[in-house]
Amino acid sequence: MPSTQAAPTPETPVKDMKDIVALCKRRGFVFPASDIYGGINGFWDYGPLGVELKNNLRDLWWKRMVTCPPIGPDGHPVQIVGLDSAIIQNPKVWVASGHVGGFSDPMRKCPKCGHFVRADHLWNILFSESEWVNSLLQVFEPHTGRIDTPAIMNWAKGKGKKLAPNLAVVKDPEVVMSFLATRVNGQPNAPLEIQEIVSHLATAQLNATGLQDPCPRCGGALEGESTFNLLMHTYLGVSATEDDKAYLRGETAQGIFINYKNVMDSSRVKVPFGIAQTGKAFRNEVTPRNFIFRSREFEQMEMEFFCHPSEANMWFDFWVSERKKFWEDLGLKTDNLLMREHEADELVFYSKRTFDIEYHFPFNGFDEKGNKQFGELEGIAYRTDYDLKQHAEHSGQRLDYLDPERDNERYVPHVIEPAAGLTRGVLALLCEAYTIDPSRPSGVYLNFHPKVAPKKAAILPLMAKDGHPEKAEKLYMELREEFAVDLDIKQNIGKRYARQDEIGTPFCFTIDGQTMEDDTVTVRERNTMAQERIAMSKVADYLREKMRA
Ligand code: GAP
């Protein structure tokens with residue numbers, strides 16, 4: 001069934017993804033990649049503010065992991081070191097990790113228009129993205145699931161013809177409607193699920209084929225499921241033979257496992273310890289979708305934590321609660337987060353336990369009962385010793401550990417992996433921050449925590465004369481070494497406030513006539529729009545304190 005977009009109330013207007021995407025483009029957060037050439041599916045460029053936001057999130061993660069890691073159960077900071085490994089490695093890495101053999105998605109092809117769709121996402125895509133299904137759903141108003149034959153026939157011969165030319169009911173309305181009538185007449189009191197009706201409308205030859213699933217693009221009957229490897233590849237050197245084939249990394253994690261020995265040999269870490277890495281990953285996603293949520297080039301923030309097998313469960317619990325706290329500290333509301341432990345039948349074969357941290361993105365919508373739906377933001381997996389053992393076997397190198405703290409016990413460490421999406425995290429921050437407020441000129445503001453906001457403050461001379469710009473520039477020069485600040489001189493002050501609201505700047509410092517007399521400025525706080533006066537000499541302290549809060 002379609003996830004009804006939301007159960008809106010006057011107090012909590014619906015956040016519409018279309019508006020968020022439009023603001024991201026208008027204000028320079030995220031642009032479609034290759035925009036002037038019509039874009040390229042699954043790729044995005046980060047504009048002047050987007051790159052600041054992304055860097056801020058990455059830096060906060062790095063600080064929390066590497067430069068100022070959390071206090072462990074023994075009361076001491078845990079040990080974590082950083083790494084930046086190459087995107088392209090020896091292809092054997094991806095054979096050993098299992099990605100060449102098994103990193104695949106189920107997909108289905110439309111033989112009519114050539115479109116591919118992820119089999120496990122089909123009905124979500126049909127109900128949230130398909131133009132013809134959206135148009136067809138209007139025919140079922142008020143969503144009773146009952147069939148209005150003349151209305152469907154009208155649709156098939158009109159809008160349907162344009163939007164879904166290969167849908168069975170469009171090509172052969174009378175035959176399909178008679179199938180449907182048989183089905184309904186069989187159960188007069190049981191209205192069909194909309195999903196079932198859509199399948200019937202896609203089925204021209206029920207007896208020969210059984211119910212068909214339609215293509216979200218043209219309505220054609222989809223072929224059966226096949227698997228599709230997600231690794232992207234390239235060829236190194238000039239000859240471009242199969243021997244020169246190399247893979248773009250599908251996750252940052254493998255770069256960590258293959259450097260485990262180098263890090264152990266070159267630094268003074270002792271188990272338990274972690275290695276952290278952020279950077280690009282590439283997946284040839286069958287259906288990249290939902291803006292930057294699922295793209296083909298994206299960024300990850302992953303940490304592999306190596307520990308004694310007997311302590312793995314304890315560290316797993318530690319990292320699950322630590323990672324939840326991280327997202328909450330950045331401003332994601334607890335009731336927009338869901339901690340979901342994987343059922344046994346959902347676990348990948350090498351994982352003993354996995355927790356997903358899920359976020360309520362606007363496109364996840366609500367179920368029929370009005371409950372929020374969620375999408376994955378980060379996974380925390382207990383990966384056992386699988387990866388190190390695989391790489392030991394395939395490389396012929398010893399990757400076990402001689403533990404001086406445990407009577408020189410020799411073992412292969414077990415691994416707990418908190419694996420987050422950096423670009424998906426940016427989307428969560430944008431969605432959380434997006435606040436509709438019809439009372440202000442911008443109609444909307446981004447409620448970023450000062451720590452993540454791309455600009456921490458704007459300095460606004462009230463007038464472009466009378467010494468205001470010079471004073472503003474002086475303050476700007478004092479602050480810019482430490483804070484990302486904007487100096488904005490032109491336009492009327494209302495328009496400048498509106499712009500800063502829309503890009504999520506938490507504070508505006510205004511230089512006015514009184515500043516010229518007593519060196520004080522007005523601070524305008526973004527969320528409340530409240531204003532107070534503080535001494536110009538106290539502005540840096542003021543910002544420092546707000547950033548810490
Ligand atoms: N090393 C484990 C691993 O890569 P994953 O669940 O496939 O696990 C981790 O990826 C995180 O990376 C996800 O929780 C998600 O935030 C992000 N991610 C995965 N695929 C993505 C995609 N196609 N686009 C954007 N982010 C993605």
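Accessible areas are obtained by the Shrake-Rupley method with a 1.4 Å probe, and for residues only the protein chains shown count as cover. The model treated here is predicted: local features need pLDDT of at least 70, side-chain atom pairs count only at pLDDT 80 or more, and totals for chains, interfaces and linings use all residues. Residues are numbered from 1 along each chain as its sequence is written, and side-chain values use heavy atoms, with hydrogens and water left out.

**Exercise 1. The chain as a whole**

Task: Describe the extent, surface and secondary structure of the chain.

Solution.
Step 1. Along the principal axes, the C-alpha atoms fill a box of roughly 85 × 70 × 50 Å.
Step 2. The accessible surface comes to about 25,800 Å², and carbon and sulfur atoms contribute 50% of it.
Step 3. Of the 549 residues, 50% count as buried, where buried means under 20% relative accessible area, exposed over 50%, and partly exposed in between (1.4 Å probe, protein chains only).
Step 4. The chain has 21 helices and 23 strands; helices (H or I, at least four residues) and strands (E, at least two) are DSSP runs, numbered from the N terminus.
Step 5. Among contacts (heavy atoms within 4.5 Å) with a separation of 6 or more, 66% join residues 24 or more positions apart.

**Exercise 2. The sheet that contains E10**

Task: Establish the strand order of the sheet, then locate strand E10 and helix H2 in relation to it.

Solution.
Step 1. Two strands pair if DSSP finds at least two bridges between them. The sheet is open, has 7 strands in the order E3-E9-E10-E16-E13-E12-E11, and shows mixed pairing.
Step 2. Strands E3 (80-82) and E11 (337-341) lie at the edges with a single partner strand each, so one side of each has no neighbour in the sheet.
Step 3. From one strand to the next, the twist averages 20°. Axes are lines fitted to C-alpha atoms, for helices over the stretch in contact, and angles run from 0 to 180 degrees between N-to-C directions.
Step 4. Helix H2 (residues 48-67) packs on this sheet and touches E3, E9, E10 and E16, with its direction at about 160° to that of E9. The buried residues of H2 include Leu53, Leu57, Trp61 and Met65.
Step 5. E10 runs antiparallel to strand E9 (residues 273-282), to which 10 bridges join it; Ala276 has Met303 as its bridge partner in E10.
Step 6. With strand E16 (residues 414-421), E10 pairs in the antiparallel sense over 6 bridges. Met301 stands opposite Ala420, and Phe305 stands opposite Ile416.
Step 7. Because 10 of the 11 residues of E10 (residues 297-307) are buried, this strand is largely enclosed by the rest of the structure.

**Exercise 3. The sheet that contains E21, and helix H18**

Task: Determine how helices H18 and H19 are placed on the sheet of E21, and which side of H18 is covered.

Solution.
Step 1. The order E20-E19-E21-E22-E23 describes an open sheet of 5 strands with mixed pairing.
Step 2. E20 and strand E23 (531-535) are at the edges; each has a single partner strand, so one side of each is left without a neighbour in the sheet.
Step 3. Direction ignored, neighbouring strands of this sheet are turned by 25° against each other on average.
Step 4. E21 and strand E22 (residues 520-525) run antiparallel and are joined by 4 bridges, with Phe509 opposite Val523 in E22.
Step 5. H18 packs on the sheet, touching E19, E20 and E21, and its direction makes about 160° with that of E19. Helix H19 (residues 493-503) also packs on the sheet, touching E19, E20, E21, E22 and E23, at about 175° to the direction of E19.
Step 6. The buried residues of H18 include His468, Ala472, Leu475 and Leu479.
Step 7. The cover over the buried residues of H18 includes strand E19 (457-461), strand E21 (507-511) and helix H21 (539-548).

**Exercise 4. The surroundings of Ile152**

Task: Is Ile152 buried or exposed, and which residues is Ile152 in contact with?

Solution.
Step 1. Ile152 is found in helix H7 (residues 149-157).
Step 2. Its relative accessibility is 0%, so Ile152 counts as buried.
Step 3. Leaving aside neighbours within four places in sequence, Ile152 is in contact with Val139, Phe140, Ile147, Val169, Met177, Leu180 and Leu201.
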